[in-house]
Amino acid sequence: MDVKRAYRFRFYPTEAQAQVLAQTFGCVRFAYNHFLRVRTDAWMERQESINYNTTSAMLTALKKTPEHAWLNDVSSIPVQQSLRHLQSAFSNFFAKRAKYPSFKKKIGTQAAEYTASGFRLDGQRLRIAKLEGELKIRWSRTVPKAARVTTITISKDAADRYFVSL
């Protein structure tokens with residue numbers, strides 16, 4: 001039986017890493033909000049239901065336009081994850097487990113989730129796709145050697161503190 005366990009550590013990014021992370025948070029928020037608007041408008045105007053696969057294809061086309069080329073500057077993994085989160089939000093809404101999805105705001109906590117292909121964790125070193133260098137993490141406890149890390153979430157709270165959740 002697999003036991004799921006989460007670990008949260010604080011880290012201190014360099015100035016360049018903080019800039020790339022801010023850009024990543026902005027791209028994640030933009031993708032979520034943009035496709036929430038697209039899905040809402042499609043339903044209100046045409047009673048058309050749009051799923052994750054359609055939004056993923058629309059994101060690929062959106063990245064190819066000159067005015068949205070900046071979406072290519074960050075790793076595509078957290079941007080795709082935001083579409084999966086949007087799909088989960090709609091699934092929970094239709095199953096009557098949650099309210100209608102709301103737009104993400106720039107103020108407050110920002111987060112970006114990376115799947116296993118977007119990071120490399122070997123021992124006490126964590127490297128993230130399209131981020132120079134490794135993260136300077138304050139390891140407050142040890143992660144078991146047998147642990148299999150499948151996703152990590154990089155977050156920044158309102159006090160500009162950065163955290164990584166494994």
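Which residue is the bridge partner of Arg10 in strand 7? I looked this up before anything else, and Phe163 is the partner.

**Ground rules.** I am working with a predicted model, where local features need pLDDT of at least 70, side-chain atom pairs count only at pLDDT 80 or more, and totals for chains, interfaces and linings use all residues. Residues are numbered from 1 along each chain as its sequence is written, and side-chain values use heavy atoms, with hydrogens and water left out. For my labels, helices (H or I, at least four residues) and strands (E, at least two) are DSSP runs, numbered from the N terminus. I call two strands paired if DSSP finds at least two bridges between them.

**Entry 1, the sheet.** I traced an open sheet of 5 strands with antiparallel pairing, and its order reads 2-6-7-1-5. Strand 2 and strand 5 (137-138) are the edges; each has a single partner strand, so one side of each lacks a neighbour in the sheet. As a reminder to myself, strands of a sheet pair through backbone hydrogen bonds, either parallel or antiparallel.

**Entry 2, walking across the sheet.** From the strand 2 edge, I found strand 2 (residues 110-115) paired with strand 6 (residues 151-156) in the antiparallel sense over 6 bridges. Here Gln110 stands opposite Lys156. Strand 6 then runs antiparallel to strand 7 (residues 162-165), joined by 4 bridges. On that side, Lys156 faces Tyr162, and Ser155 has Phe163 as its bridge partner. Strand 7 also takes 4 bridges from strand 1 (residues 8-11), again antiparallel, with Phe11 standing opposite Tyr162. I note that Tyr162 is thus listed opposite Lys156 and opposite Phe11.

**Entry 3, the turns.** Which residue takes a positive phi in the hairpin of strand 6 and strand 7? I found Asp160, near 60 degrees, in a hairpin with 5 residues between the strands. Next I looked at strand 3 (residues 119-122) and strand 4 (residues 125-128), which run antiparallel and are joined by 4 bridges. Asp122 stands opposite Arg125 there. This hairpin has 2 residues between its strands, and Gly123 in the turn shows a positive phi of about 70 degrees.

**Entry 4, helix 1 on its own.** I counted 32 residues in helix 1, which reaches 46 Å from its first C-alpha to its last, close to the 46 Å expected at 1.5 Å a residue. The expected span is 1.5 Å times one less than the number of residues. Gln47 follows the helix with a positive phi, near 55 degrees. Helix 1 lies across strand 1, strand 2, strand 6 and strand 7, at about 90 degrees to strand 2. For angles, I use axes that are lines fitted to C-alpha atoms, for helices over the stretch in contact, and values run from 0 to 180 degrees between N-to-C directions.

**Entry 5, helix 1 with helix 3.** The axes of helix 1 (residues 15-46) and helix 3 (residues 76-94) come within 9 Å and cross at roughly 40 degrees. The two helices are therefore oblique to each other (under 35 degrees is roughly parallel, over 145 roughly antiparallel, 65 to 115 roughly perpendicular and the rest oblique). The crossing is right-handed (the near helix is turned clockwise from the far one by less than a right angle; anticlockwise would be left-handed). Contact, meaning heavy atoms within 4.5 Å, involves residues including Cys27, Ala31, Phe35 and Arg39 of helix 1 and Val79, Leu83, Leu86 and Phe90 of helix 3. By class I get 12 nonpolar, 4 polar and 1 charged residues (Ala, Val, Leu, Ile, Met, Phe, Trp, Tyr, Cys and Pro are nonpolar, Asp, Glu, Lys and Arg charged, and the others, Gly among them, polar).

**Entry 6, helix 2 and its partners.** Helix 2 (residues 52-63) packs with helix 1 at an angle of about 120 degrees, with axes 11 Å apart. This pair is therefore oblique too, and its crossing is right-handed. Phe30, His34, Phe35, Val38 and Arg39 in helix 1 meet Tyr52, Thr55, Met58, Leu59 and Leu62 in helix 2. That contact has 7 nonpolar, 2 polar and 1 charged residues. Against helix 3, helix 2 packs at about 145 degrees, with axes 10 Å apart, in a right-handed crossing. Among the residues that meet are Tyr52, Thr55 and Leu59 in helix 2 and Val79, Leu83 and Gln87 in helix 3. My class tally there is 4 nonpolar, 5 polar and 2 charged residues.
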